[in-house]
Amino acid sequence: MIMNMESEIWNPASFMRPMGGGQELGNVYEMRIYTYKPGSIPELLNRWEKALPWREQFSPCVAAMHSELGGLNRWMHVWPYKDLNHRDEIRKAASGTPNWPSGAPGRIRQENKILIPASFSPMR
C-alpha cells in the first residue's frame, strides 16, 4: 500500500547541454533546489544563462532545470565533485567573485542535498 507519493516533472534550462554529454563526473554530487515566488523563474533563467559560463570555469554543472508539474516555481541545479573537500574548495573560490550567485528575487526556500551515486550508476 502506498502511503505517500510525490511526482514532479522538470524541464532543463534551454541553455543546458544534455545530461551525460561528456561532462566530468564526480564521486559526490550537490543538488540544490530553490522555491521562488510565482513569476520569478524567467528572471532566474536570464541570470543563470549569463552567469553559468563563468561559474563553469570552476566546475561543470551536470543539470539545471525548473519544475513544470508537482512543486511549482522550483529551480534545481546539480554539481559533481571529487569529494566534500573539493566541494568546499570550489564553492569558496566561486563565491568570492562578483559573477555569482545568479539567483533572482523572490526566493522563499532552499534545499541542499549531498548525493553519492550507487556503484551501478552512470553518474559515477
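Over the ring of which residue does the charged end of R55 sit? In this predicted model, the ring is that of W79, and the charged end of R55 lies 4.0 Å from its centre. W79 also belongs to an aromatic cluster, in which ring pairs link it with W48 and W75.

The structure holds four aromatic pairs. One of them joins W48 and W75 in an edge-to-face arrangement. The two rings are 5.0 Å apart, centre to centre, and their planes make an angle of 65°. This pair links distant parts of the chain. W48 belongs to helix α1, whereas W75 belongs to strand β4. The two residues are 27 residues apart. Both W48 and W75 are buried.

The strands come next. Five of them form an open sheet. Their order is β1-β3-β4-β2-β5, and the pairing is antiparallel. Strands β1 (9-12) and β5 (107-115) are the edge strands, each pairing on one side only. From one strand to the next, the twist averages 25°.

Strand β2 spans residues 28-36. Eight bridges join β2 to β5, and the two strands run antiparallel. Within this part of the sheet, Y34 stands opposite Q110, a residue of β5.

Two helices lie across the strands. Helix α1 covers residues 41-55 and lies across β2, β3 (63-69) and β4 (74-81). The direction of α1 is at about 15° to that of β4. Helix α2 covers residues 84-95 and lies across β2, β4 and β5. Helix α2 runs at about 50° to β2. Strands β2 and β4 are thus crossed by α1 and also by α2. The W48–W75 pair connects α1 with β4, one of the strands that α1 lies across.

Residue L69 offers a view of another part of the sheet. L69 is placed in strand β3. Is L69 buried, partly exposed or exposed? Its relative accessible area is 45%, so L69 is partly exposed, a class that lies between the limits of 20% and 50%. Leaving aside neighbours within four places in sequence, L69 is in contact with S7, E8 and I9. W10 is 59 residues from L69 along the chain, yet the C-alpha atoms of these two residues are separated by 7.2 Å.

Note on methods. Residues are numbered from 1 along each chain as its sequence is written. This is a predicted model: local features need pLDDT of at least 70, side-chain atom pairs count only at pLDDT 80 or more; totals for chains, interfaces and linings use all residues. Side-chain values use heavy atoms; hydrogens and water are left out. Two strands pair if DSSP finds at least two bridges between them. Helices (H or I, at least four residues) and strands (E, at least two) are DSSP runs, numbered from the N terminus. Axes are lines fitted to C-alpha atoms, for helices over the stretch in contact, and angles run from 0 to 180 degrees between N-to-C directions. Contact means heavy atoms within 4.5 Å. Buried means under 20% relative accessible area, exposed over 50%, partly exposed in between (1.4 Å probe, protein chains only). Rings of Phe, Tyr and Trp (its six-membered ring) pair if their centres lie within 6.5 Å; planes under 30 degrees apart count as stacked, over 60 as edge-to-face and the rest as tilted. A charge sits over a ring if NZ of Lys or CZ of Arg is within 6 Å of the ring centre and within 35 degrees of the ring normal.
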